[in-house]
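Dear colleague,

I am passing a structure on to you, together with some notes on what turned up when its empty spaces, one of its sheets and a few of its residues were looked at. Please read the notes with the model open beside them.

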Amino acid sequence: MGGNREGLSWVPVLGKARGPLYLDIADQIAADSAAGRLAAGTRLPPQRALAAALGIDFTTVSRAYNEARRRGLIEGRVGQGTYVRARPRGTGRSSPGGLVDMSMNLPPLFDDPALAERMWRDIADVQHEQGVALLMRYQPVGGAREDRAAGTAWLKPRLGEVSPERVLVCPGAQGALLAVLGLLVAKGDMICAEALTYPGLRSVAAYLGIEVLGVDMDEEGLVPEAFEAVCREQRPKALYCNPTLHNPTTATLPLKRREAIVAIARRHGVAIVEDDAYGALPATPVPPLAALAPDLVYHVAGLAKCLSPALRIAYLVVPNPIAAGRLESAIRATAGMASPLSAAVATRWIEEGTAKAVLSAIRSEAGRRQKMVSVSLPGADVLNDREGFHLWLRLPPHWSRGEFAARLRAAGIGIVASDAFALLEPPEAVRLGLGAPETQADLQRSLDVISELLAQSPAALNLVV
């Protein structure tokens, strides 16, 4: 197929795509631009010349160029032709010294230009289908029905069938936590949480005037017997927990413990707030607490860790429609509503299968980075999980967490010491986010510095004159 290709600046290879031919051409413009095969400023062949070279109809090439132009890949210049646009420069995640801030627990960047282009194409399709009306109106406080339905579809692999009436679309997990705790707990009341807990919970609790009691943990997570003792002696109003790929220790509560915790909470009349930030990452997840006790658990499923931090969307599953109505009032009072634009993008990604593809790409990249840790820190006391993208590093006796963090900060690497998470006595440990480094090479450089520092004594690094 095709005619004379000589003299053309670029010709795509056709015949492999399953979809429309014009989309294949546009996708190849995107992929070749991302890979550097089409440099910014390259003049694309005239539409008729490319059609003749490929042996296809002129209108197909015209549609392809229009699609690429709609995606922002190319631009027409009057009297000059069609040119490849410069790719947007990302802000990046690397520090000026070439190392990285590993204090942020971000999903790793995946190297898949076609998938990245698919994400942006879906965003453009939201604009095309919903138009300016999406930008110029308010939506229901708990989310439009189609957005709630998308949330139930996203959660179905873990929670099973959930009525959309029990799902609220919230402005991120932090917004969901603020609403739930504001509903369940009054100022001066107590809740309990794992002894090492999400710093965002501590911030919300401090803002609401709530005391947070620490519950002992071991390497499998929250200890049920310790939870029962706190319930019996302190009578907390709620338990907050992060049972899957716990932040910061990476522990995942076994099913038997989950069942025990639900039974204890039910026996003592304690509500459970389940922060399932990482729950979508395991390919074979342990059933969430909300699946074991849907009448007792407020389930917070944010999209930041498993899909995109930029969306600031979380799905909040509540025990019944009455609780949903009360939480809508709380969301209205604190945030007004989640961004309709972000919710629409999340819905589009879920409905088109893009979200599933992104989740798979994040899982794969996280697995590759965890393998790097096993090679680079073979003798270190590390708690990690191959399906997560952070690790908990327990320090050798000659290092304190404060001094270790300070030494790494001087080298341009940011980490988080245990003090940020500790409700009880902080252990000598730090959390490292493997997703923050922009590339695997950036991560490797940082792991090399960390490995070298672990092997040294702080005293050997001191120079006092």
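The notes below take the pocket, the cavities, a sheet and part of a helix in turn. Please keep in mind throughout that this is a predicted model.

I begin with the second largest pocket, whose volume comes to about 550 Å³. Its lining is made up of 27 residues, and those that lie nearest its centre are Asn 105, Tyr 198, Tyr 278, Ala 304 and Lys 305. Two elements, α6 (172–184) and α7 (199–208), each give two or more residues to this lining, and α6 gives the most, with three residues. Sorted by class, the lining of the second largest pocket holds 15 nonpolar, eight polar and four charged residues.

Next come the enclosed spaces. Rolling a probe the size of a water molecule over the atoms shows where empty space is left. Three cavities of 30 Å³ or more are present in the structure, and the largest of them has a volume of about 60 Å³. The largest cavity is lined by 13 residues, among which Gln 139, Pro 140, Gly 143, Ala 338 and Ala 343 are the closest to its centre; by class, its lining consists of eight nonpolar residues, four polar and one charged.

The second largest cavity encloses about 40 Å³ of space. Its lining includes Glu 194, Met 217, Glu 220, Gly 221 and Leu 222, and also Asn 242, Pro 243, His 246, Ala 251, Thr 252 and Leu 253. Of the residues in that lining, five are nonpolar, four are polar and two are charged.

Turning to the strands, you will find an open sheet of four strands, in the order β12-β13-β15-β14, with antiparallel pairing. At its edges stand β12 (381–384) and β14 (416–417), and each has a single partner strand, so one side of each is left without a neighbour in the sheet. The partner of β12 is β13 (residues 390–394), which runs antiparallel to β12 and is joined to it by four bridges. Within this pair, Asp 381 stands opposite Arg 394 in β13, while Val 382 has Leu 393 of β13 as its bridge partner. The connection between β12 and β13 is a hairpin, which passes through five residues.

Finally, two residues of helix α4 may be worth finding in the model. Asp 125 belongs to this helix, which covers residues 113–130, and Asp 125 is buried, since its relative accessible area of 15% falls under the 20% that sets the limit for a buried residue. The side chain of Asp 125 makes a polar contact of 3.4 Å with the side chain of Arg 70. When residues up to four places away in sequence are not counted, Asp 125 touches Arg 70 and Arg 348.

Ala 124 also has its place in helix α4, and Ala 124 is likewise buried, with a relative accessible area of 15%. Along the chain, Ala 124 and Ser 308 are 184 residues apart, and their C-alpha atoms are separated by 17 Å.

With kind regards

Note on methods. Residues numbered from 1 in each chain as written. Predicted model: local features only at pLDDT ≥ 70, side-chain atom pairs only at ≥ 80, totals over all residues. Heavy atoms only, no water. 1 Å grid on protein atoms, 1.4 Å probe; cavity = no way out; pocket = protein on both sides within 12 Å on 5 of 7 lines; lining within 4 Å. Points joined across faces, edges and corners; volume = space filled by probe spheres on them. Nonpolar A, V, L, I, M, F, W, Y, C, P; charged D, E, K, R; others polar. Pairing = 2+ DSSP bridges. Buried < 20%, exposed > 50% of the residue type's maximum accessible area, 1.4 Å probe, protein only. Polar contact = N/O pair within 3.5 Å; in protein donor to acceptor, adjacent residues only side chain to side chain. Contact = heavy atoms within 4.5 Å.
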